[in-house]
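Open the model in your viewer and keep the selection tool at hand. The tour below goes from one selection to the next.

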Amino acid sequence: MALVKTTSLGKRFKYYANPRQRLLEWLTPSRPRHDARWVLRDISFEIGRGESVAFVGRNGAGKSTLLKLLTGTLLPSAGSIQVNGRISALLELGMGFHPDFSGRRNVMLAGQLLGLAKDEILSSMPAIEAFAEIGEAIDHPVRTYSSGMQVRLAFSLATVIEPDILIVDEALSVGDAYFQHKCFRRIRELREHGVTLIFVSHDPLAIKSLCNRALLLDQGRIVMDDAPDMVMDYYNALIAIDENKPDHPVATINHNGRAIRSGIGSASILAVTLQTAEGEAGEVASGQAATLEVRFRLQRPLPELTVGILIKDRLGNEIFGTNTRNLGLQLDHLEPNQAHAVRFNIDRLTLGPASYSVTVALHALDNHLEGNYDWHEQALVFRVSPDPAYSFEGVARVDTIASLNQSPS
Amino acid sequence: MNLTHTLDFIRDTVSKDTELKYRGSILGIAWLFLPSLVSILLYSLVFSKLMHSRLPGNSSSFAYSIYLCAGLLIWNFFSDVLQRSVGAYTDNANILKKAKFNKLSLIAIAAANSTVQFLIISALFIVFLGISGNLSFSGLATYFMAWLMILALSLPLCAIAALLNIFFRDVGHLIQITLLGLFWCTPIVYPAAILPEGMQRWIILNPLAYPIQFSQSGVLDSPAPQLAGLGITLAIAVLLLMGAVLLHRALASDFLDEL
């Protein structure tokens with residue numbers, strides 16, 4: 001049975017010019033006097049137990065409205081929503097904390113608002129105190145707390161008593177790094193216990209490492225439901241296209257198989273190859289020299305061009321990226337309608353043994369958001385094989401020498 | 001939230017509200033009943049002493065004060081719960097926006113807060129009745145029955161006012177004015193008997209009149225008001241209840257959007 005199920009869910013907000021218009025509409029219901037705006041349309045998805053799902057989308061895409069519908073603080077205007085379990089939402093950390101009461105008293109009051117029973121909160125109080133690590137401050141008024149301390153307490157309250165569904169918003173960016181790490185560890189732990197996670201963030205790294213699925217919302221609709229790295233690539237393409245809209249209304253995203261390609265097509269990538277001393281290769285030994293060659297063609301004269309590469313790991317985490325502008329290579333006024341090749345010569349490929357993908361982009365400035373000519377996700381996939389002479393863990397090959405000091409001071 | 005959770009929540013919030021209201025004050029809980037006490041003293045002074053008004057057919061020197069309290073304390077409850085409730089949703093918008101719970105519990109919290117205040121001042125009134133030798137079981141029974149009638153009348157009214165106040169902030173101001181008018185249209189500081197005959201007939205239409213007169217007559221052991229008044233009070237209470245249910249159903253979604 002799905003834990004969360006929505007069927008053709010829609011949300012419409014009514015806007016009235018002033019309260020009098022509303023009164024007039026109530027009195028004469030046959031004549032609507034409001035502007036109806038649909039912020040969510042036809043949203044259908046199911047989330048099963050133990051899934052971790054990211055909601056991705058630009059501001060105004062409808063993410064927070066969707067969360068509010070899930071938590072029941074807004075009601076749908078169309079379709080239905082079914083939630084089978086207790087939701088704990090971190091989106092409003094510190095909600096309802098009263099400044100004059102002690103942390104302990106506030107935990108009781110806020111916990112009841114979260115739908116917890118009094119004795120449940122009481123018996124979890126030691127664990128909440130221990131996790132929040134605010135010491136004796138638990139008995140001091142909340143107004144004496146720093147914002148970080150409030151977040152600690154609220155996070156502890158929301159997660160110590162395990163919910164069926166945990167909603168985590170950007171709220172977690174508050175607080176110090178130590179506690180953030182602790183929060184993420186706790187979230188991972190909950191996930192392992194089978195708690196369903198709904199995560200809303202713009203941070204691709206956090207999404208890729210926490211979630212196994214992502215839903216992309218755009219203009220109130222679900223435009224993609226796939227693995228997080230795919231969705232994030234598509235999302236980035238979407239932003240890039242949007243930035244280009246004013247002067248280039250024709251931009252396309254091809255989403256065939258696993259690779260995503262977008263751009264307005266003023267220049268296009270013809271081929272991307274990896275070469276070692278032995279010629280074109282799909283595998284490079286760690287620490288070896290390699291060359292990435294990008295062949296491309298300009299469809300029309302362009303005053304400037306930047307060729308960028310981005311190496312990502314299997315999960316889509318960004319490992320290394322650079323472009324011709326950063327490297328000091330000018331590509332202005334290249335001859336159109338003829339093939340060119342840019343070679344990125346890598347002296348020593350200091351990556352660990354694993355599989356990597358390369359994203360290649362042709363764009364105008366040093367920022368791919370402006371003048372995105374052609375942008376090819378996973379244009380190339382290659383493997384790095386272990387170097388028998390230098391064995392290590394991880395993706396970064398940091399040259400290290402170990403030595404023994406016989407008499408440390 | 002199930003019922004026990006809701007009740008726990010209401011109890012804790014009421015004790016929080018009471019604590020907050022009087023925290024940092026010297027007289028503390030005395031502020032719960034001081035305003036009522038002062039108004040009783042003032043009305044007693046003005047009506048009973050300066051204007052030499054006596055209740056028809058009762059010569060006791062305390063009679064007017066007792067008459068006044070029997071009505072005024074119940075009126076004060078009505079006025080207090082309505083003024084608290086009208087902002088119950090608007091003032092708690094931040095919680096309503098963030099957590100899903102039965103919003104009617106906010107009305108219950110307002111009513112419970114007013115009830116605490118009512119019970120404290122009633123205890124003082126009962127002591128006064130005892131000292132002046134006017135305490136009787138039947139008197140107390142009618143007094144609290146009258147309060148229950150007012151409660152039945154005010155709860156749906158509070159829910160409607162709180163809901164409409166979300167959409168039209170005029171409601172809060174409107175309530176202030178209406179309460180002022182209603183106070184003088186109800187025989188609280190004056191007995192209905194002093195009104196001209198023509199007006200006496202109309203007063204029965206005021207749903208507050210019957211419970212107040214019922215309490216006054218019970219406490220002073222004078223003839224009870226016409227039973228028809230009870231019918232009108234109950235009928236209006238039922239109509240208000242239906243209205244409250246229908247409005248809350250119809251506006252459930254708009255209400256949350258508007259917060």
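A crossing of two helices is called right-handed if the near helix is turned clockwise from the far one by less than a right angle, and left-handed if it is turned anticlockwise. Keep in mind that this is a predicted model.

Begin in chain B. Select helix α5, residues 104–131, and helix α6, residues 137–167. The two pack at an angle of about 155°, and their axes are 11 Å apart. Angles over 145 degrees count as roughly antiparallel, so α5(B) is roughly antiparallel to α6(B). Turn the view until one helix lies in front of the other: the crossing of α5(B) and α6(B) is right-handed.

Now show the side chains where these helices meet. On α5(B), the residues to pick include Leu104(B), Ile107(B) and Phe118(B). On α6(B), they include Leu140(B), Trp147(B) and Cys158(B). The residues of this contact divide into 12 nonpolar, no polar and no charged.

Next, go to the contact between the chains. Chain B puts in 21 residues and chain A puts in 23. On the chain B side, select α1 (3–22), α4 (93–98) and α11 (252–258), the elements that give two or more residues each. Of these, α1(B) gives the most, with 6 residues. Colour the chain B side by residue type: 10 residues are nonpolar, 2 polar and 9 charged.

Finish in chain A with helix α2, residues 63–71. Its buried residues include Leu66(A), Lys68(A) and Leu69(A). Step past the end of α2(A) to Gly72(A), which follows the helix and has a positive phi, near 85°.

Definitions and conventions:
Residues numbered from 1 in each chain as written. Chains lettered and ligands numbered in written order. Predicted model: local features only at pLDDT ≥ 70, side-chain atom pairs only at ≥ 80, totals over all residues. Axes fitted to C-alpha atoms, helices over the stretch in contact; angles between N-to-C directions. Helix = DSSP H or I, 4+ residues; strand = E, 2+ residues; numbered from the N terminus. Parallel < 35°, antiparallel > 145°, perpendicular 65-115°, else oblique. Contact = placed C-beta atoms within 7 Å. Nonpolar A, V, L, I, M, F, W, Y, C, P; charged D, E, K, R; others polar. Buried ≥ 20, exposed ≤ 12 C-beta atoms within 10 Å, placed from the backbone.
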